[in-house]
Amino acid sequence: MPEIGIIGGSGVYRMPSVELIREEAVDTPYGAPSDTFRMLRISGIEVVFLARHGSGHTIPPHKINYRANIWGFKALGVKRLLSMGAVGGINPLLRPGSIVVADQIIDMTTGRTSTFYDKDEVYHVDFSEPFCPELRAVFTEAAGAVGLPVLTRGTYACTNGPRFETRAEIRYYSIAGADVVGMTAMPEAALAREAEICYGTIATVTNSAAGISRDKLTTTEVIETINESSINLNALLLRTISLIKAQRHCPCKDALKDAKMMK
Ligand code: HPA
């Protein structure tokens, strides 16, 4: 069973030049995932790929069935989930094409079901470090190995979308310490933690966030930048996959331990 999963965001609907082994539609108690899961062989390693917005980009961020997607990866045996996503840059050091290995999240989403435990059992998982520290270290090592400059930490503000933000909202997130703004890391990261799956994100800055640049924000700019970054992103991903070690030593694998509320 493949233990590495990849979730592709805007502009990443397939993985180029890799061997497709098979496609699998996974049925989940939460309904249908965004798409079929594609089993791929990359440099001899089996991985599972899912297009977060569907392969035709038909699902907006607030309508993604995050629980079905994470459940699907879990059902397929995935232990490490590499998430790719487009973000707006808030930190003035960031430019379109910059890559951030985020280490923190500010969750500004509303109305998204953000837990698997909303029935009889109550769990409170530790989320002080929302991204797997081991995966973050591997991303950083891989970036160094392929000679790609990345910001090795950064705070990701997750907004609900689908609209882009106002200038005042971005100023507010900036004061709160956010470096980038995107629409999909939550509840994905929290659900992965509840599923005891390691989760790390490669956030690609596709535009300067609202008010950081005076330009009108467009989806054309987002997709164009992702397309221009695709060679770098693929190189980073391939090296990351080859550097992931079989054993996990991070806290993610035991996230449910001591997290259940006892009567
Ligand atoms: N805001 C929110 N999400 C995004 C942006 C943005 O500016 N760019 C790409 N995804």
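**Exercise 1.** Determine how the lining of the largest pocket divides by class in this predicted model.

*Solution.* Begin with the classes: the lining of the largest pocket has 12 nonpolar, 11 polar and 2 charged residues. Next, consider the lining as a whole, which consists of 25 residues. Among these, Ser10, Pro61, Phe164, Met183 and Val222 lie nearest the centre of the pocket. The elements that contribute two or more residues to this lining are β5, β10, β11 and α5 (219-243). Of the elements, β5 gives the most, with 4 residues. Finally, the space in the largest pocket amounts to about 420 Å³.

**Exercise 2.** Establish where the ligand sits and which residues surround the ligand.

*Solution.* The ligand is located in the largest pocket. Its shell is then read along the chain: Ala86, Val87, Gly88, Phe164, Glu165, Val181, Gly182, Met183, Thr206, Asn207 and Leu217 surround the ligand. Sorted by class, this shell holds 6 nonpolar, 4 polar and 1 charged residues. At least two residues of the shell come from each of β5 (80-89), β10 (180-182) and β11 (198-208). The largest share, 3 residues, is supplied by β5.

**Exercise 3.** Identify the residues whose polar atoms lie within 3.5 Å of a nitrogen atom of the ligand, and state how much of the ligand the protein covers.

*Solution.* Take the side chains to start with. An N or O atom in the side chain of Asn207 is 2.7 Å from a nitrogen atom of the ligand. For Glu165, a polar side-chain atom lies 2.8 Å from a nitrogen atom of the ligand. Turn now to the backbone: a polar backbone atom of Gly88 is 3.3 Å from a ligand nitrogen atom. As to cover, the ligand on its own has 260 Å² of accessible area, of which the protein covers 95%.

**Exercise 4.** Find how many cavities of 30 Å³ or more the structure contains, and describe the lining of the largest cavity.

*Solution.* The search of the whole structure yields 1 cavity of 30 Å³ or more. The largest cavity holds about 30 Å³ of space. The residues that line this cavity are Gly9, Ser10, Val12, Met84, Gly85, Ala86, Ile202, Thr204, Ile226 and Leu233. By class, they comprise 6 nonpolar and 4 polar residues, with no charged residue. Each of β5, β11 and α5 provides at least two residues of the cavity lining, and β5 gives the most, with 3 residues. Two residues may be traced back to the earlier exercises: Ser10 lines the cavity and is also one of the residues nearest the centre of the largest pocket, while Ala86 lines the cavity and also belongs to the ligand's surroundings.

Terms used: Residues numbered from 1 in each chain as written. Predicted model: local features only at pLDDT ≥ 70, side-chain atom pairs only at ≥ 80, totals over all residues. Heavy atoms only, no water. Near = heavy atom within 4 Å. Polar contact = N/O pair within 3.5 Å; in protein donor to acceptor, adjacent residues only side chain to side chain. Areas by Shrake-Rupley, 256 points an atom, 1.4 Å probe, with all protein chains shown as cover. 1 Å grid on protein atoms, 1.4 Å probe; cavity = no way out; pocket = protein on both sides within 12 Å on 5 of 7 lines; lining within 4 Å. Sits in = over half its atoms within 2 Å of the grid points. Nonpolar A, V, L, I, M, F, W, Y, C, P; charged D, E, K, R; others polar. Points joined across faces, edges and corners; volume = space filled by probe spheres on them.
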